Structures are given as structure tokens and as C-alpha cells.
Amino acid sequence: MNNQDHFKFSTGVVAYPIFFVLTIWLVFWFEVRFGYNFSKYGIYPKTLSGLKGVVFSPFIHGSIQHLYHNTIPLFVLSMALFYFYRNIAWKVLIFGIMVSGFLTWSMGRPSYHIGASGLIYVLVSFIFFKGVFAKHYRLIALSLLVVFLYGSMIWYALPLEEGVSWEGHLSGLITGLLFALIFRKAIAKPKKYVWEQKDFNAADDPFLKHFDENGNFIESLQDEGDELPSVNYIHKKHLEDGN
């Protein structure tokens, strides 16, 4: 698969992120509309019943502010994922939810951990490290953009603020880094030029033959044994009428 196949826009690039965002908003609307509280379906560490939150917690939010802060980065990052890494996008999303959720369950405080922020940290970490490891100029540019937009999120992976699941954030960062190391296939490879090939011989390169050993340009290049082609001109005298 060439690089052109990796960077193709499709309806899924926008449709899947919209569907995911609408789902978490629909769940929150259902809670408010019918007076339910789904927080008990979040991750409760080190308990058997709390394992169900590994699957359900990304869809549950405690407030409209919590939901709003997760909506925009989730939409933007998932769009970037489906555009630049479409061949492994679903694997990153599904396994990202599972692995980061299980890590949160393993290391978290005895409290309900809810929200899609863990998945957001998976995407931030994966997109950043994958771009660095792939060494493809487009993916590196994407990594730098992610750092510019969401680099400050790294502080929320530390226990600095009460009521924030820093364990979920840290689990997401770890998971994204692991995925960047694991998913090596189906990734756009940097273009290799002729001179980067192992069997490249500078003496046989047509372009480099135009330069001498000192780097001076040779205006007239002629291979040994080759002769300049001869040109014969035939002049025809125009005969006027009557001559």
C-alpha cells in the first residue's frame, strides 16, 4: 500500500467521530431527561463489579461541563485518527478503551471513574508518539499540532486536582505509547529517495555525473567512445519561372 492510500478522505473520517460524540451526548440527555445516574456503571477499581466500567465509563459523564470539555478534543482527535491511521483506527479506539480502562481499574483510587478523557489521552499519546516513530513528515506535523493543541493536558495525568481521575489520564497516556510501539504495520512509511537505497552507487547516477570531484558543474558531458552526431545540410536553389 502506497502513501496515497493512507491519506484519503472518506465519509467515515467525519461520520464515525460524529456518531461517537452524539452517543455520549445522548446518554447524558437520557440521564437528565429521565432522572437516571449512570455513574455506578463507571470503573470502580479492584472490584469485580467495577470491571463493567471498562466498557461503559467512556460514555458516562458527571456534568454538562465535563461532557463539553471532552466533546471537542474527542471529535478532533478521532477525526485525525480515522484520516491518518484509518487502517488501525478501530483497533486503537476499541483496544484503547479496554486497555486504558483496565489499567485504571488496576491502579485507581476506590471511587467511580467516568468520562471519555481516558480515551482522549490514548489518542493524544498514540498520535504524538506514532508520528515521531514513523518519521513521516505528515505524521510528524500532526504530532506537533497535537502537542500545540493538547500538550498542557499532560499535567492532568498527575494527582494535582481533586475530583479528577488522573489515574485514567495516566492510563491513557501509557496505553497510547504502547500502541504506538505495537502497531507498526499498515503505517505510512517515509519516502526513500534513490540515494538512500543500500545499492546506490554515486558513480552511476546520471545527475551526479554532471559534477566533477570538486563539485564543479560540467557544462558538456560526453561519455568516452561517443562521438558527436554529424549533421549534413542540403541546400536547394529555388528556380524562378522562366529560368
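**Entry 1: the cavity**

I looked for enclosed spaces in this predicted model and found one cavity of 30 Å³ or more. Its volume comes to about 160 Å³. I noted that 18 residues line this largest cavity, and that Ile43, Ser57, Thr104, Gly115 and Gly118 are the closest to its centre.

Next I asked myself which helix gives the largest share of the lining of the largest cavity. I found that helix 5 does, with four residues. Helix 5, helix 6 and helix 8 (166–182) each bring at least two residues to that lining. By class, I counted seven nonpolar and eleven polar residues around the largest cavity, and no charged ones.

**Entry 2: the largest pocket**

I turned to the open spaces. The largest pocket has a volume of about 740 Å³. I see 23 residues lining the largest pocket, and those closest to its centre are His66, Asn70, Ser117, Val164 and His169.

Helix 4 (64–84) and helix 6 each supply at least two residues here. Helix 4 gives the most to the lining of the largest pocket, namely five residues. When I sorted this lining by class, I got nine nonpolar, twelve polar and two charged residues.

**Entry 3: the second largest pocket**

I then visited the second largest pocket, whose volume is about 200 Å³. Among the residues I found along its wall are Tyr121, Phe128, Phe129, Tyr150, Met153 and Leu173. Helix 6 and helix 7 (137–150) each contribute at least two residues to this lining, and helix 6 gives the most, with five. How many residues of each class line the second largest pocket? I wrote down ten nonpolar, two polar and no charged residues.

**Entry 4: aromatic pairs**

Rings were next on my list. A pair of aromatic rings is described by how far apart the centres are and by the angle of the planes. I counted 18 aromatic pairs in the model.

I picked Tyr44 and Tyr112 to start with. Their ring centres are 4.9 Å apart and their planes stand at 65 degrees; edge-to-face needs over 60, so this pair is edge-to-face. Where do the two residues lie? I found Tyr44 in the loop between helix 2 (11–34) and helix 3 (53–56), and Tyr112 in the loop between helix 5 (89–107) and helix 6 (117–134). The pair therefore ties together parts that are 68 residues apart in sequence. I also checked how open the two residues are: Tyr44 is partly exposed, at 25% relative accessible area, and Tyr112 is partly exposed too, at 43%.

My second pick was Phe102 with Trp105. The centres of these rings are 5.7 Å apart and the planes are at 25 degrees, so I logged the pair as stacked. Phe102 and Trp105 are three residues apart in helix 5, which means that about one helical turn separates them. Is each of the two buried or partly exposed? Phe102 is partly exposed at 43% relative accessibility, whereas Trp105 is buried, with a relative accessible area of 17%.

**Entry 5: a cluster and a charge**

Following the ring pairs further, I came to a cluster. Ring pairs link Trp29, Phe30, Phe34, Tyr36, Phe38, Tyr41 and Phe56 into it. One of these, Phe34, has another partner: the charged end of Arg33 sits over the ring of Phe34, 5.2 Å from the ring centre.

Conventions:
Residues numbered from 1 in each chain as written. Predicted model: local features only at pLDDT ≥ 70, side-chain atom pairs only at ≥ 80, totals over all residues. Heavy atoms only, no water. Phe/Tyr/Trp six-rings, centres within 6.5 Å; stacked < 30°, edge-to-face > 60°. Buried < 20%, exposed > 50% of the residue type's maximum accessible area, 1.4 Å probe, protein only. Lys NZ or Arg CZ within 6 Å of the ring centre and 35° of its normal. 1 Å grid on protein atoms, 1.4 Å probe; cavity = no way out; pocket = protein on both sides within 12 Å on 5 of 7 lines; lining within 4 Å. Points joined across faces, edges and corners; volume = space filled by probe spheres on them. Nonpolar A, V, L, I, M, F, W, Y, C, P; charged D, E, K, R; others polar.
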